[in-house]
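I opened this entry to keep track of what I looked up, place by place. The notes follow the order of the lookups.

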Amino acid sequence: MYYGRKELMEVLSISIELSKENDRQHLLNTILNKSIEFTSCDAGTLYLCENNALTFKIMKTNSQNISKGEKGEKIDLPPVPLKEENICAYAAIHQQVLNIEDVWTSTMFDFSGPKKYDKLTGYTTKSMLVVPMSNYEGKLIGVLQLINAQDEFGKIVPFEKEVEPIIQALASQGGIILSNQLYLEEIKMQMWSFTEALAETVDARTPYNGSHIRKVAKYAEQMVDYINLLYEQGKET
């Protein structure tokens, strides 16, 4: 396939969409869904690196109408340990894009998991593209695994080499945005912890006012909830 102006504009459009996304779950969904659409593949899995392992976050198989984790629900599968025999773990460890034409004939990695899944479900896992997601510091954020690229007739084909740097760029951009969101959440938690500690210190030094600061925070929260309620009611009318 030739990647010309149309494909370039599509990539730019996806990049802009990713950069505008503030919701973490929506961001993960967008990364996986747009990668599946752009590569014309049938399935994909997005992992995040947590506790030195790869945790399943979203799984999709269009031909079987399977979608797990898109609403943030937990996927009941054990995390993938960071061991080199697993293809997604190898891509994560070495920060390397891996393009497998046929998992049933490849001897590079342990594909017992996909093969077992195929036997249980009747699905056929063949071509696979695995792309690490990292931030601007090179820190691993997660892994994007795409399965079964398809041609215009729906036949399973290998992932084209030309698409590798494109998906890698989108995955890296998603990793950077996700990393920034996580940093922001950490800063908010730190600020809240500092505020709580300061409130406790002030209350301890002024027994007369006791829980004054906590009461002010409670009333402020109630006021914000009320304002939000009025806003939502206004939108409905």
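Entry 1, helix α3. The model is predicted, and I began with the helix at residues 87–94. I listed the buried residues of α3 and got I87, C88, A89, A91 and A92. I then asked which strands these buried residues pack against. The list came back as β1, β2 (53–61), β4 (80–81), β5 (98–100), β6 (128–134) and β7 (140–150). Just after α3 I noted Q95, which has a positive phi of about 50 degrees.

Entry 2, T45. I moved to strand β1, residues 41–50, where T45 sits. Is T45 buried or exposed? T45 counts as buried because its relative accessibility is 6%, and the cut-off for buried is under 20%. With neighbours within four places in sequence left out, I found T45 in contact with L32, F56, I58, M59, V143, L144 and Q145. I also checked T45 against N33: they are twelve residues apart in sequence, and their C-alpha atoms are 9.9 Å apart.

Entry 3, largest pocket. I recorded a volume of about 830 Å³ for the largest pocket. Its lining has 31 residues, and those closest to the centre are Y47, F56, G113, P114 and Y117. The elements giving two or more residues to this lining are β1, β2, β3 (66–68), β4, α3, α4 (112–121) and β7. Which element gives the most to the lining of the largest pocket? I found that α4 does, with six residues. By class I sorted the lining of the largest pocket into 19 nonpolar, eight polar and four charged residues.

Entry 4, aromatic pairs. My search of the whole structure returned four aromatic pairs. In the pair of Y47 and F56, the ring centres are 4.8 Å apart and the planes are at 55 degrees, so I logged the pair as tilted. Both partners are below the cut-off for buried: Y47 has a relative accessible area of 4%, and F56 is at 13% relative accessibility. For Y117 and Y123 the ring centres are 6.4 Å apart; the planes are at 70 degrees, so this pair is edge-to-face. Y117 is partly exposed, at a relative accessible area of 30%, whereas Y123 counts as buried at 10% relative accessibility. I also noted a cluster in which ring pairs link Y90, F109 and F111.

Entry 5, nonpolar cores. I looked for the residues that touch the most other members in the largest nonpolar core, which has 26 residues, and got L32, L46, L129, L144, L146 and I167. At least two residues of this core come from each of α2 (24–39), β1, β6, β7 and α5. I also found a second, separate core of 23 residues, with F56, I75, C88 and V143 among them. Back in the largest core, I pulled the contacts of L129, not counting residues up to four places away in sequence. L129 touches V97, L98, N99, L144, Q145, L146, F159, V163, E164 and I167.

Entry 6, E164. The L129 list includes E164, so I looked this residue up next. E164 is found in helix α5, residues 164–205. E164 counts as buried, with 16% relative accessibility. Outside its neighbours within four places in sequence, E164 is in contact with V97, N99 and L129.

Notes. Residues numbered from 1 in each chain as written. Predicted model: local features only at pLDDT ≥ 70, side-chain atom pairs only at ≥ 80, totals over all residues. Heavy atoms only, no water. Helix = DSSP H or I, 4+ residues; strand = E, 2+ residues; numbered from the N terminus. Buried < 20%, exposed > 50% of the residue type's maximum accessible area, 1.4 Å probe, protein only. Contact = heavy atoms within 4.5 Å. 1 Å grid on protein atoms, 1.4 Å probe; cavity = no way out; pocket = protein on both sides within 12 Å on 5 of 7 lines; lining within 4 Å. Points joined across faces, edges and corners; volume = space filled by probe spheres on them. Nonpolar A, V, L, I, M, F, W, Y, C, P; charged D, E, K, R; others polar. Phe/Tyr/Trp six-rings, centres within 6.5 Å; stacked < 30°, edge-to-face > 60°. Core = buried A, V, L, I, M, F, W, Y, C linked by side-chain atoms within 4.5 Å.
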